[in-house]
Amino acid sequence: MKFTLSWLKAHLETTATVDEITYALTDLGLEVEGVSNPAERLSEFTIGKVISAEKHPDADKLKVCQVETANGPTQIICGAPNARAGITVVIASPGVYVPGIDTTIGVGKIRGIESHGMMCSEREMELSDEHDGIIELASGEVGAKFTDWLAANDPAKVDPVIEIAITPNRPDALGVRGIARDLAARGLGKMKPRDVAPVAADFDSDIAVTIDADTLDGCPVFSGRLIRGVKNGPSPEWLQDLLRAIGLRPISFLVDVTNYYTYDRNRPLHVFDADVVQGNLRVHRAKGGEVLMALDDKEYTLEPGQMVISDDSGPVSIAGIMGGLSTGVTEETTNVFVESAFWDPVQTAYAGRALKINSDARYRFERGVDPEFTLEGLEHAVRMIVDNAGGKASSVVVAGQVPDHSRAYKLDTDRVQSLVGMEIPAATQRETLGALGFVMEGDMAHVPSWRPDVQGEADLVEEVARIASLTKLVGRPMARTHPGIPKPILTPLQQRERNVRRQIAALGYNECVTYSFIDQASAQLFGGGEAPTMLENPISSEMSHLRPSLLPGLLQAAARNQARGFPSQALFEVGTVFSGGEPGEQSIVASGILIGHTGPKDVHASRRAVDLYDAKVDAEAALSCAGAPEKMQILRGAETWWHPGRSGKLCLGPKKVLGVFGELHPKVIAAMDLKGPVVGFTLNLEEIPFPKAKTASRGALTLRDLQAVERDFAFVVDGDVEALTLVNAAAGADKALIDEVRVFDEFAGGSLGEGKKSLAITVRLQPAERTLTDEEIDAVGAKIVEKVAKATGGVLRR
């Protein structure tokens, strides 16, 4: 929404500066997007006087002029037909930028004679379209700034233009008077009366109007007046200046009047050429298939149910959106029918979107205009037309009746304190609402017809607080509900989420935040994509299902990064996954992926490709941070999207799965359009048992002062025996003494024979009470050999 300062002052009596007005507008909720001051781009132009003008010796249409300027007598070559001695002109000296021709003036030669500047026309300075000659000023001192002359003699040319952003709930601010009303309520001035006396009727209208019964819900009232004998033509200069200032092109006076009231009062109007209208006007719903050539020179095919205005020959206007070209006014128009109607916002929006028409009328009607200003707005327009273009007006033609949008809400002056936290006297609150147009009857506030956004008591409080300025709110600490140290806000699970997120980030991963919605194909790769997780109204086909895992989003992010030249990545996310669409069918997990290499190339050749053990150690670190027990089982049987031979489950038992780690299946990687192997992990944060004893401190640190003992064993086992089975068997030989078992070598072939392999392990014994003797160590070793033989059938390698 754009308007000029002078336009605003036509409604508001104020001495406030532009800065004060713009600050107040933003504070009132009408955010200022920009201020354009024409004086700034014209600030370097000065006034000069032509001393002499002689014909150029080598050009018939050029003149060599001697001009008195701020820099003294200056020679300027000019081709304007009105260049002559004695006139006062506007000078652009060398170095001045001329906006109308997008050129910075310099010293140059024209047909061999130097020119030290330029005498400007109005179009070259973007003051108007006039370019038949240079500007001739009736007064002005040599060397004075041209902007100062304009401010004194033609202020509209240097009128600041303010542009504000209008939220959908404030259609009243789509008119300059609505903006002025807010500023007046804030105290920046007083509203000026802008009422007009209706034009007396000289005859009855030849054009009647009817509204079909099934259309009254979309057009409850339609009014108009016929004016005979108007003289259409260019608008007065002040009106053209206003429209140009806000970016509208003046067309003709009759059209400019409708544009003026669209912005002045948020009252869209339409003017029909009465001599072209055949018979009477009828407001009805289209049957579908009707074609109308609109004022934008485009043909539109109407859909069934859309509102349209027709005469006896067919459609002549798309209701509330745009008029038809055939009945539009021209320079030759002498008889017009001025229309002012109220159109339903929702139906106007549907029709505008279906027809893909964006117009000022549609923009305002679909947000809501003042229904009670329908007839008054017609009288304003008719008065302006008759006063400026002449003619005689008919009586008012009205079909339907103005809809009753009256409503009232109780003003509870104490709610400002409870809802907003501001202390505003009750009398001030009532005065504020009165200044905004509300009518007070006791404690009941009757809402003005131009405020469709006020729908309850809380809205009254919002209006009072908005005018008082929310910047006056004083921050106050919230009172504690209980004395002493407050209880933790985060739940244990939320605390666990935060700890895990920090731990994984500390391991070098970058956190991602992906959508909870993914496409069906990706969901099916990870065990989802079924009907219970399908969205009823998805944003797009790529967001049709709830995610069954965090891995699809991470893999999609990795694929995009790979396409942009980032081959090595470490990404993670902590979030919710869904097994269904009902409450409770969701869980919180943490997932991470590694792609590429462990680091950049270096001279030590330390760089290597990431593998499943990188994912395993990171998963164990994150589980440890989440409070999982140190000793966990690693079992096979991960889901199908994991590599069957390069993955494992971290468990506290066959049914208590805390997480999964490993390499993702090559088919999944190919389907997600990724290059190279991808390893990763998924942790089920809700499955990790919480400690039974709740304490804010850590448990006591247990340190052993006795030296540990390590013994190595090599077992020959069948080739299909898993190393984990052997490790678990050895660890169970003496749980009190055995601190750690790890594999350090694997060998197959050679003297072992077909189908056999050797697994070498290191067992670490940690005594707690006394140093172990050789006999005790040998006894534990014998138990280890016995347990391994029983579990795997392996024998000690000699």
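**Note on helix packing, core and selected residues**

1. In this predicted model, helix α12 (residues 426–435) and α13 have axes that come within 9 Å and cross at roughly 95 degrees. Angles of 65 to 115 degrees count as roughly perpendicular, and α12 and α13 are therefore roughly perpendicular to each other. On the α12 side the residues are Gln429, Thr432 and Leu433, and these meet Leu460, Glu463, Val464 and Ile467 in α13. By class, this contact of α12 with α13 has four nonpolar, two polar and one charged residues.

2. The loop after α13 deserves a look. Ser469 is found in the loop between α13 (457–468) and α14 (492–506). Ser469 is not a glycine, yet has a positive phi of about 90 degrees. Is Ser469 buried or exposed? Its relative accessibility is 4%, so Ser469 counts as buried.

3. Another positive phi in a residue other than glycine belongs to Glu126, with a value near 60 degrees. Glu126 lies in the loop between β12 (118–119) and α4 (146–153). The relative accessibility of Glu126 is 42%, so this residue counts as partly exposed. The backbone of both loop residues can be checked together: phi is about 90 degrees for Ser469 and near 60 degrees for Glu126.

4. The axes of α2 and helix α5 (residues 176–186) come within 10 Å, with a crossing of roughly 95 degrees. The helices α2 and α5 are therefore roughly perpendicular to each other. Ile21, Ala24, Leu25 and Asp27 in α2 meet Ile179, Leu183 and Arg186 in α5. The residues of this contact of α2 with α5 divide into five nonpolar, no polar and two charged.

5. Two of the residues in that contact, Leu25 of α2 and Leu183 of α5, also appear in the largest nonpolar core. That core has 69 residues, and those with the most contacts inside it are Leu25, Ile164 and Leu183. Which helix gives the most to this core? Helix α10 (residues 374–389) does, with seven residues. Leaving aside residues up to four places away in sequence, Leu25 touches Phe3, Leu30, Glu31, Val32, Ile162, Ile164, Ile179 and Leu183.

6. Thr22 lies in helix α2 (residues 18–27). With a relative accessible area of 13%, Thr22 is buried, since the limit is under 20%. Not counting residues up to four places away in sequence, Thr22 touches Val32, Val35 and Ile162. Val32 and Ile162 are also among the residues touched by Leu25. The C-alpha atoms of Thr22 and Ile164 are separated by 8.9 Å, with these positions 142 residues apart along the chain taken as their separation.

7. Helix α6 (residues 237–245) and helix α7 (residues 253–264) pack with their axes 11 Å apart, at an angle of about 55 degrees. The two helices, α6 and α7, are therefore oblique to each other, and their crossing is left-handed. From α6 the contact takes Trp238, Leu239, Leu242 and Leu243, and from α7 it takes Phe253, Asp256, Asn259 and Tyr260. The residues of the contact of α6 with α7 divide into six nonpolar, one polar and one charged.

8. Which residues of α6 are buried? Leu239, Gln240, Asp241, Leu242 and Leu243 are buried in α6. The buried residues of α6 pack against β1 (2–4), α1 (5–9) and α7. Just after α6, Gly247 takes a positive phi of about 95 degrees.

9. Thr327 is found in the loop between β23 (322–323) and β24 (335–342). At 1% relative accessibility, this loop residue, Thr327, counts as buried. Outside the residues up to four places away in sequence, Thr327 touches Val271, Phe272, Asp273, Val276, Val277 and Val316.

10. Gln562 is found in helix α16 (residues 551–563). The relative accessibility of Gln562 is 18%, and the cut-off for buried is under 20%, so Gln562 counts as buried. Its contacts, not counting residues up to four places away in sequence, are with Pro567, Gln569, Ile595, Leu674 and Lys675.

Terms used. Residues are numbered from 1 along each chain as its sequence is written. This is a predicted model: local features need pLDDT of at least 70, side-chain atom pairs count only at pLDDT 80 or more; totals for chains, interfaces and linings use all residues. Side-chain values use heavy atoms; hydrogens and water are left out. A nonpolar core is a set of buried Ala, Val, Leu, Ile, Met, Phe, Trp, Tyr and Cys residues joined through side-chain atoms within 4.5 Å. Buried means under 20% relative accessible area, exposed over 50%, partly exposed in between (1.4 Å probe, protein chains only). Helices (H or I, at least four residues) and strands (E, at least two) are DSSP runs, numbered from the N terminus. Contact means heavy atoms within 4.5 Å. Axes are lines fitted to C-alpha atoms, for helices over the stretch in contact, and angles run from 0 to 180 degrees between N-to-C directions. Angles under 35 degrees count as roughly parallel, over 145 as roughly antiparallel, 65 to 115 as roughly perpendicular and the rest as oblique. A crossing is left-handed if the near helix is turned anticlockwise from the far one by less than a right angle, and right-handed if clockwise. Ala, Val, Leu, Ile, Met, Phe, Trp, Tyr, Cys and Pro count as nonpolar, Asp, Glu, Lys and Arg as charged, and the others, Gly among them, as polar.
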